[in-house]
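Dear colleague,

I am passing on the structure we spoke about, and it follows directly below. After it I have set out what was found, chain by chain, so that you can read the text with the model open beside you.

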Amino acid sequence: MKIDRRCFLSLGVGAAAGTVLSPLPWKITDDLSIWSQMWPWTPWPAQGENTFTNSVSTLCTDGCGITVRKVGGRAVKIEGMAGYPGNEGGICNLCAAGLQLHYGPTRVREPMMRVGSRGEGQWRTVSWEQALGEVSRQLAGARKAGTPEAVGAIVDQPYGSVPALFRRFLTAFGSPNFMYTPTMADAYAAVLRLTHGTDSLVGFDLEHADYILSFGSGIIDGWGSPVRMFRAHSQWKTDGATVKQVEPRLSNTAAQSSQWIPVNPGSEGALALGLAHIIIKESLYDYDFVNNYASGFEQFRDLVLAQFSPGNVSRLTGVDQSTIVSVAREFARAHRPLAICGRGQGRTTGELGYFLAVHALNALMGTINRPGGVWALPVPDYIQWPEPPLDDVARGGMAKERLDGAGSAFPVARSLPHRLAAAIREQKPYGLQVLMVSGANPLYTLPGQTDLQQTLGQVPFIVSFATHMDETAAYADLVLPAPSHLERYEDVASTAGYPRPLIGLARPVVPREGDTRHPGDVLIQLAAALGGSLQEAFPWPDYDTCLQETLADRWEAMLADGYWANDRFQPDNWDAAFATASGRFEFFPDAVKDGALFQPLEPEGDAAQFPLVLIPYDTARISNGPVASPPFLIKTVADYVLKGKEMFVEINPESADALGLREGSAARLTTPRGSATVRVHLSHGIMPGLVGAPRGLGHTAYDDYLAGKGVNVNALVGAISDPASGLDAAWGIRASLAKA
Amino acid sequence: MSTADDASKHAPGTGAADDRADGAGGAIIFAFVIGLAASLIVGWVVFPKLLYSQKRQPIDFNHALHLGLEDQNCESCHFFREDGSFSGAPALAQCIGCHAEVQGDSPDEIRFVEEYVQKGREVPWLIYSRQPQCVYFSHVAHVRAGGMDCVSCHGHIGESERLPVYEENRISGYSRNLWGHNIAGFKKDSWDRMKMDDCAECHAREGVTQASVQTTKEGCFVCHK
């Protein structure tokens, strides 16, 4: 028997036939398809009983009421909490994506001390005893030197027990330098202080307004409390309310409005006064309010009639006269008109004149403290601790001027962190030795990063209370790990325009991971370590006890419902609402002086060198506060805003033609503060001469998933202190764009 | 050159007639049979053994014993939660009621109490009937609404005194019980297989509309989320 090639072929054919007649190929095909449909490395939520915990997410501007679904000890989904005031079951995208931050790889899990130079990313882990020992040593050094004022703190929010503990710590320590990140709420607070004479928060009864005139506010782009705004916006559509959007760029809000009124950036306030001109001239204002409850109207009227005629305003704003006249008449004749301001998401403070002008428009129509109008709410007053005892050192320090000039150079301001860099650089009125940062991320959010980083380099000791390795933590000397927003108790006082006092309660939803400590606990422990009057000022054994005692009889209700709200709140009637010298609404507060405050603010930079103007814009798809956008958010961003790691800026095709740029062209964007390589997206939705750049991209810290996407526009824009309020008034900066 | 080679191969005296003469035809048939038989053996016998790994459960649980002690049959331990979801294999919390202390002297019982109950660790039970993650199966719809009994799909596991060996598919990672023990996929009883065809067969037979409760429409997404 001869075995040749044909035998092997035959063997193969036999084997093939046998294989086909066996289950092997069919079974393997089936198994492979199951395998490939469910890659074993794809994570799946654990199976088991679903449990739900209500809490408040502290990631976004105003805190979303959340219901967290858990399986076993793991949180698997965050949804809006049904019945939470304002949100009513809705949730903003950042809070919905909160799990990616909570379980993200850059959570700080143990105390870390810097090794090597600042920002280099070289750390060694230390024990809590070592970490607290180092902080107390630094703090004790400042007190020993008799310069307790050289210690400062920056937190994110002005209200709530954690900021209050930081303020109390500094006060008992002897430093007036408690700072927080100001927002439009601060600009409104300054306006209310000047025109109402009260310390108030602003609230908007949006749901009952029927004609909304928005001066740049991104109603559905994240302004105020984002979910409440979406709901209000839908309600307006159903009810047939009119929404007019005044801004230089066709934002989502503008696209969804009844009319988009493109306006030169920075001239929104002038347009408001142009409308006031028509309303006054045609006697369309509310006589009762203006005659009986207001003062300074004559000066205001004279100024507006003299300087803000439709012709002048048209020149300043680029809006044609007929539009100015028709919008003014419509606004004045509406049943419940409401004018709102605070550009984009309202995270920037803006010019005081702009806020005053828009508020005056509401005052003219008598919408203040009325249904569908703008309300003055009492500032949260539930924290009623006795004044901390001060020793001699503390009294000496507290008598010093603040580094940022709030309360001294700028009496209406409470916190001006953008002025900190200059104070540190010039050591005026004194230098800063220790900086504590908690919840805030000034090295990302403050304008003029390069400047700031160099300046902060002069501060000998920076300690960051951080949940994540954000930009500020990465630049610190010591990072103290804080439990994440799903792991801790914290009260969240609503400040973003909800028209009733509201406090949310964040609570531990999942067990703590890592060796973290609540910033409140750390302060109590530091006070104990420093002893003396500081220890006396912190009588609580721990933060949770402190919070429980502070919330007192609200505590049980907040545990049950997740929040406390005063549903019966009604704003003061006009005869009791104003505490100015005249006891009336002040149309023309002293700060306005000769009206220069109402003139549009010129952006920084030389027009010849920088022919364009860069305006940062906000979108609800990108988080632009201290917290970086997790991947879930970035995936929702269009590829003409961010493609891979490249950011697009928007320019009008007309401007692009002049610069020789086409859709997608790489370009060098330069401002007096810095430059960056970007790509160009052409859009008729932006006025010629402007460059629109999204705010919230370009994080450099965190991890590979969150960092290195686009450019941080805050780094390209410098701050301009408003002459009256001291708040950062910059709305943009001059820029040039050249083919790269 | 190749032409010359071909010519030499087909030279007189070396053609097909000679193949038959030297028995090459028989060899070809023989080789075919060998190939056929070997691959059939591989496909039907060797392959199933290679495809599945054999695993023992962490604890050899006695269903029959427990079923005799409980009064609500299977649902005593495999119950529906208040929200309608099905609890599946019991968690430790359910066992602790009786097993806080060692009951009897079975080595598995001692191990269960010492290694799991006392240490508070959940038992990593291997689930014979776990469907792939892409399958959305609602127990409550079948048992409560459809009135099906457990045996229809799970067989007589409740009467067993020992847990069967868990055979895990090395490719897909799921239990052999889904495809069934017969490698050809034939089944005798309704619980022998748990593939999509078996779902469809029963749904067709019973005339059950396979529509989404929410949308009342039929489609893949009723069962595949």
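In chain A, 58% of the 740 residues are buried, and I should say at once that this, like everything below, was computed on a predicted model. Chain A contains 27 helices and 28 strands, and its radius of gyration is 28 Å, close to the 27 Å that the globule rule gives for 740 residues, so chain A is as compact as a globular protein of that length. Taken along the principal axes, the box filled by the C-alpha atoms of chain A is roughly 120 × 65 × 55 Å. Of the contacts in chain A with a separation of 6 or more, 74% are accounted for by residues 24 or more positions apart.

One helix of chain A that is worth finding on your screen is α10(A), residues 268-281, which packs against helix α12 (residues 297-307) of chain A at an angle of about 110°, the two axes being 9 Å apart. An angle from 65 to 115 degrees counts as roughly perpendicular, and α10(A) and α12(A) are therefore roughly perpendicular to each other. On the side of α10(A) this contact is made by A:Leu273, A:Ala276, A:His277, A:Ile280 and A:Lys281, and on the side of α12(A) by A:Arg301, A:Val304 and A:Leu305. Sorted by class, the residues of the contact between α10(A) and α12(A) are five nonpolar, one polar and two charged.

α10(A) also packs against helix α14 (residues 321-333) of chain A, here at an angle of about 65° and with the axes 9 Å apart, and α10(A) and α14(A) are therefore roughly perpendicular to each other. The crossing in which α10(A) passes α14(A) is right-handed. From α10(A) the contact draws on A:Gly274, A:Leu275, A:Ile278 and A:Ile279, while α14(A) supplies A:Ile324, A:Val325, A:Val327, A:Ala328, A:Arg329, A:Phe331 and A:Ala332. By class, the contact of α10(A) with α14(A) has nine nonpolar residues, one polar and one charged.

Some loops of chain A hold backbone details that you may want to look at individually. A:Ser283, placed in the loop between α10 (268-281) and α11 (287-292) of chain A, has a phi near 55°, a positive value in a residue other than glycine. A:Asn369, which lies in the loop between α15 (352-364) and β14 (374-378) of chain A, likewise is not a glycine and has a positive phi, of about 55°. As to their surroundings, A:Ser283 counts as exposed because it has 8 C-beta neighbours inside 10 Å, whereas A:Asn369 is buried, with 25 other C-beta atoms within 10 Å. In the loop between α17 (420-426) and β15 (434-438) of chain A you will find A:Pro429, and the peptide bond that leads from A:Lys428 to A:Pro429 is cis, with omega near 0°.

Turning to chain B, there are ten helices and two strands, which follow one another along the sequence in the pattern α-α-α-β-α-α-α-α-α-β-α-α. Of the 225 residues in chain B, 12% are buried, and among its contacts between residues at least 6 apart in sequence, 62% join residues at least 24 apart.

Within chain B, the axes of helix α5 (residues 92-99) and helix α6 (residues 107-117) come within 12 Å and cross at roughly 125°, which makes α5(B) oblique to α6(B). The crossing of α5(B) past α6(B) is left-handed, and the residues in contact are B:Leu92, B:Cys95, B:Ile96 and B:His99 of α5(B) together with B:Phe112, B:Val113, B:Tyr116 and B:Val117 of α6(B). By class, this contact of α5(B) with α6(B) has seven nonpolar residues, one polar and no charged ones.

Finally, where the chains meet, 33 residues of chain B are in contact with 32 residues of chain A. Helix α3 (residues 24-51) of chain B gives the most to the side of chain B that touches chain A, contributing 17 residues. The residues on that side of chain B divide into 19 nonpolar, eleven polar and three charged.

With best wishes

How values were computed: Residues are numbered from 1 along each chain as its sequence is written. Chains are lettered from A and ligands numbered from 1 in the order in which they are written. This is a predicted model: local features need pLDDT of at least 70, side-chain atom pairs count only at pLDDT 80 or more; totals for chains, interfaces and linings use all residues. Axes are lines fitted to C-alpha atoms, for helices over the stretch in contact, and angles run from 0 to 180 degrees between N-to-C directions. Helices (H or I, at least four residues) and strands (E, at least two) are DSSP runs, numbered from the N terminus. Angles under 35 degrees count as roughly parallel, over 145 as roughly antiparallel, 65 to 115 as roughly perpendicular and the rest as oblique. A crossing is left-handed if the near helix is turned anticlockwise from the far one by less than a right angle, and right-handed if clockwise. Two residues are in contact if their C-beta atoms, placed from the backbone, lie within 7 Å. Ala, Val, Leu, Ile, Met, Phe, Trp, Tyr, Cys and Pro count as nonpolar, Asp, Glu, Lys and Arg as charged, and the others, Gly among them, as polar. The radius of gyration is taken over C-alpha atoms; the globule rule is 2.2 Å times the number of residues to the power 0.38. A residue is buried if 20 or more other C-beta atoms lie within 10 Å of its own, exposed if 12 or fewer, and partly exposed in between; C-beta atoms are placed from the backbone.
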